[in-house]
Amino acid sequence: MIKSMTGYGKAETVLESGKLSVEIRSLNGKNADISLKTTLLPKDKELHVRQIVADQLKRGSIDVFVNFEANAADSAKKINQELVMEYFRQLDGISREINREFPNSSVTDSSYLLPSILRMPDVLDMKKADIINEENWPAVEACLREALSRVNEFRAREGESLYRDVTAKVASILAYVDQVELHEKERIDTIREKILSRFEELKLEPDQSRLEQEMIYYIEKLDINEEKVRLRQHCRYFMDTIDSDTQPGKKLGFIAQEMGREINTTGSKANNTEIQQIVVKMKDELEKIKEQSLNIL
């Protein structure tokens, strides 16, 4: 059964310092366009993650989000004591210099410096040891694969709906081809009548043998039997492909293009109002098939 390229999956795992979650969202795309929306992954793991995602999802515009929620104790801000002391020594020295230069200054207690120091850059440090490391990497990778599995489950469900919709439209096109055939005799008779009536208007007596030859030639130019045969073949090939190929999306797009050529040629040769109306309906169904095929893996 086919899969859609639209999918979503999320998985979570508990690490020593908190809870890590992986969310994956995919949309249709020509190739595997993978975007890692996180700063948590170590650089040496990014290529490996991309390879896992590409192997599992094959194709699409794919966003991978990795989020982390620290334990309460680990989420508290850490005070950089060495930096605090360095700021204090510098500011205390400035304070003492002020007192020497301005003896009447009210600056006598250096403890007032502490609130200001705590607002200095990098004093309150949220940085911790790497959240993802070699020790917990197996758990992180298992979480990634679980999220990917859920994306594939989502894609499979969407694929079932796509299959029903697309195949129903192919069946409609085949039914419209049958309707075209109902107007074939009427179309040929109308062409004959138009040619003969034109001779009558001009009050000409044509050579009957030559007239029949020219009429046969003209009617053959407007013959659409080959287009109908090829269109039916393309429809069958479309169905065979969607039923047998695990990733038929691109191929179905090419087949739909061939179907369009036969439908367009039928319309240009129709020379019949009813057939042209049927051709418009076939084109409408085909455009929907093309649009849906873009989302088939």
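This passage describes the nonpolar cores, cavities and largest pocket of a predicted single-chain model.

The predicted chain contains 10 helices and six strands. Of its 297 residues, 35% are buried. Among contacts with a separation of 6 or more, 80% are made by residues 24 or more positions apart. The accessible surface of the chain amounts to about 18000 Å², and carbon and sulfur atoms account for 51% of that area.

In soluble globular proteins, nonpolar side chains tend to be buried together. In this model, the largest nonpolar core has 27 residues. The residues with the most contacts inside this core are I173, L231, F238, I242, M259 and M282. Four helices each supply at least two of the core residues, namely α5 (137-182), α8 (225-244), α9 (249-270) and α10 (273-293). The largest share comes from α5, with eight residues. The surroundings of I173 were examined further. When residues up to four places away in sequence are not counted, I173 touches L231, C235, M259, M282, E285, L286 and I289. A second core, separate from that one, is made up of 25 residues, including L15, I24, I34 and I52.

Rolling a probe the size of a water molecule over the atoms shows where empty space is left. Two cavities of 30 Å³ or more are present in the structure. The largest cavity has a volume of about 50 Å³. Its lining consists of V22, L41, V49, V64, V66, W137, V140 and L144. The elements giving two or more residues to this lining are β4 (60-70) and α5; the largest share, three residues, is that of α5. By class, the lining of the largest cavity has eight nonpolar residues, with no polar and no charged ones.

The second largest cavity has a volume of about 30 Å³. It is lined by V177, V180, E227, K228, L231, T266 and M282. Two of these lining residues, L231 and M282, are also listed among those with the most contacts inside the largest nonpolar core, and both are touched by I173. At least two residues of the lining come from each of α5 and α8, and α8 gives the most, with three residues. The lining of the second largest cavity comprises four nonpolar, one polar and two charged residues. Helix α5 thus appears in the account of the largest core, of the largest cavity and of the second largest cavity.

The largest pocket holds about 300 Å³ of space. It is lined by 14 residues, of which R59, G249, K250, G253 and L294 are the closest to its centre. Helices α9 and α10 each supply at least two residues of the pocket lining. The largest share is that of α9, with five residues. By class, the pocket lining has four nonpolar, six polar and four charged residues. Both α9 and α10, which take part in this lining, also supply residues of the largest nonpolar core.

Methods. Residues numbered from 1 in each chain as written. Predicted model: local features only at pLDDT ≥ 70, side-chain atom pairs only at ≥ 80, totals over all residues. Heavy atoms only, no water. Buried < 20%, exposed > 50% of the residue type's maximum accessible area, 1.4 Å probe, protein only. Contact = heavy atoms within 4.5 Å. Areas by Shrake-Rupley, 256 points an atom, 1.4 Å probe, with all protein chains shown as cover. Core = buried A, V, L, I, M, F, W, Y, C linked by side-chain atoms within 4.5 Å. 1 Å grid on protein atoms, 1.4 Å probe; cavity = no way out; pocket = protein on both sides within 12 Å on 5 of 7 lines; lining within 4 Å. Points joined across faces, edges and corners; volume = space filled by probe spheres on them. Nonpolar A, V, L, I, M, F, W, Y, C, P; charged D, E, K, R; others polar.
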